[in-house]
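Here is a protein chain to explore at your own pace. Please keep the model open beside the text and find each residue as we reach it.

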Amino acid sequence: MTPARAPFTKILVPVDFSPASDEHIAAGQAVEVDGQYIEFSPSSVRSVVLAADLARASLGTVVLLHVTPALNYSTMYAGNLSVGLSSQVLTDVHEAAQKTSRAALEVIAQRHCGGVQVVIEARPGVAVSVIIEESEKKGADLIVLAASGRSRVARFFVGSTADRVIREAICPVLVIPALHE
């Protein structure tokens, strides 16, 4: 008989953050990272907390992932314009974005993942693709994903990362709903 394995020993948590509003900075709800203030959505924080609790119970690992926009995709919209970014500039921007993203993920890990092994990843690309690729590459047993909080109409027209991850992931996906106050 094989020994029982904890169900969720590798948990992938895509984490989103955005520039902080003046109100959140004044209220002390923003985090300073590399000289700029950012804020995590409440559902992203809830995702990290839940994943850390699950990992603690199973002696597992939490993989925090932030996906930055891939700027080289924007060059296709320039058409025949001679305006463009050199490959070195693109590389520098991606490296700076990765550094800032990793620093932000380290902050949320320190705040909410005590006693848990954490792996931090930041990659440019399309969120759905990167989330699916990382879940497979890391051998995730579970993806804990914060919902964006968009309305159903907006999801219909824009598409939903959560919906696509649910359909394409090879492991279970737990979606944390956005709180509407």
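Let's start at Phe40, which touches Val15, Asp16, Phe17, Val31, Val45, Ala104 and Ile108, leaving out residues up to four places away in sequence. Contact here means heavy atoms within 4.5 Å. You are looking at a predicted model, where local features need pLDDT of at least 70 and side-chain atom pairs count only at pLDDT 80 or more, while totals for chains, interfaces and linings use all residues. Residues are numbered from 1 along each chain as its sequence is written, and side-chain values use heavy atoms, with hydrogens and water left out.

Phe40 also belongs to a bigger picture. Together with Val13, Val15 and Leu64, Phe40 touches the most other members of the largest nonpolar core, which has 25 residues. A nonpolar core is a set of buried Ala, Val, Leu, Ile, Met, Phe, Trp, Tyr and Cys residues joined through side-chain atoms within 4.5 Å. Buried means under 20% relative accessible area, exposed over 50%, and partly exposed in between, using a 1.4 Å probe and protein chains only. Which elements each supply at least two residues of this core? They are strand 1 (10-14), strand 3 (31-33), strand 4 (36-40), helix 2 (42-58), strand 5 (61-68), helix 3 (87-112) and strand 7 (142-146). Helix 3 gives the most, with 5 residues. Helices (H or I, at least four residues) and strands (E, at least two) are DSSP runs, numbered from the N terminus. A second, separate core has 15 residues, including Val63, Ile131, Ala140 and Ala169. In soluble globular proteins, nonpolar side chains tend to be buried together.

Ile131 is a good way into that second core. This residue lies in helix 4 (residues 127-138) and is buried, with a relative accessible area of 3%. What does Ile131 touch, not counting residues up to four places away in sequence? The list is Leu12, Pro14, Leu65, Ile143, Leu145, Thr161 and Val165. Ile131 and Leu12 are 119 residues apart in sequence, and their C-alpha atoms lie 8.3 Å apart in space.

Now follow helix 4 itself. Besides Ile131, its buried residues are Val128, Val130, Ile132, Glu134 and Ser135. Strand 1, strand 5, strand 6 (117-124), strand 7 and helix 6 (161-168) are included in what covers them. At 1.5 Å a residue, the 12 residues of helix 4 should span 16 Å, and the end C-alpha atoms are 16 Å apart, which agrees. The expected span is 1.5 Å times one less than the number of residues in the helix. After helix 4 comes Gly139, with a positive phi near 65 degrees.

Helix 2 can be read in a similar way. With 17 residues at 1.5 Å each, helix 2 should span 24 Å, and its end C-alpha atoms are 25 Å apart, which agrees. Ser43, Ser44, Ser47, Val48, Ala51, Ala52, Ala55 and Ser58 are buried in helix 2. They pack against strand 1, strand 5, helix 3, strand 7 and strand 8 (173-176). Just after helix 2, Leu59 has a positive phi of about 55 degrees.

Pause at Ser44, which has 2% relative accessibility and so counts as buried. Setting aside neighbours within four places in sequence, Ser44 is in contact with Val15, Asp16 and Ala146. The C-alpha atoms of Ser44 and Val15 are separated by 5.7 Å, although the two residues are 29 residues apart along the chain.

For one more buried residue, find Thr68 in strand 5. Its relative accessible area is 7%. Beyond its neighbours within four places in sequence, Thr68 is in contact with Ala97, Ser101, Arg123, Pro124 and Gly125.

Finally, step back to the whole protein chain. How many helices and strands does the secondary structure come to? There are 6 helices and 8 strands, following the pattern β-β-α-β-β-α-β-α-β-α-β-α-α-β along the sequence. Of the 181 residues, 36% count as buried. Among contacts with a separation of 6 or more, 76% join residues 24 or more positions apart.
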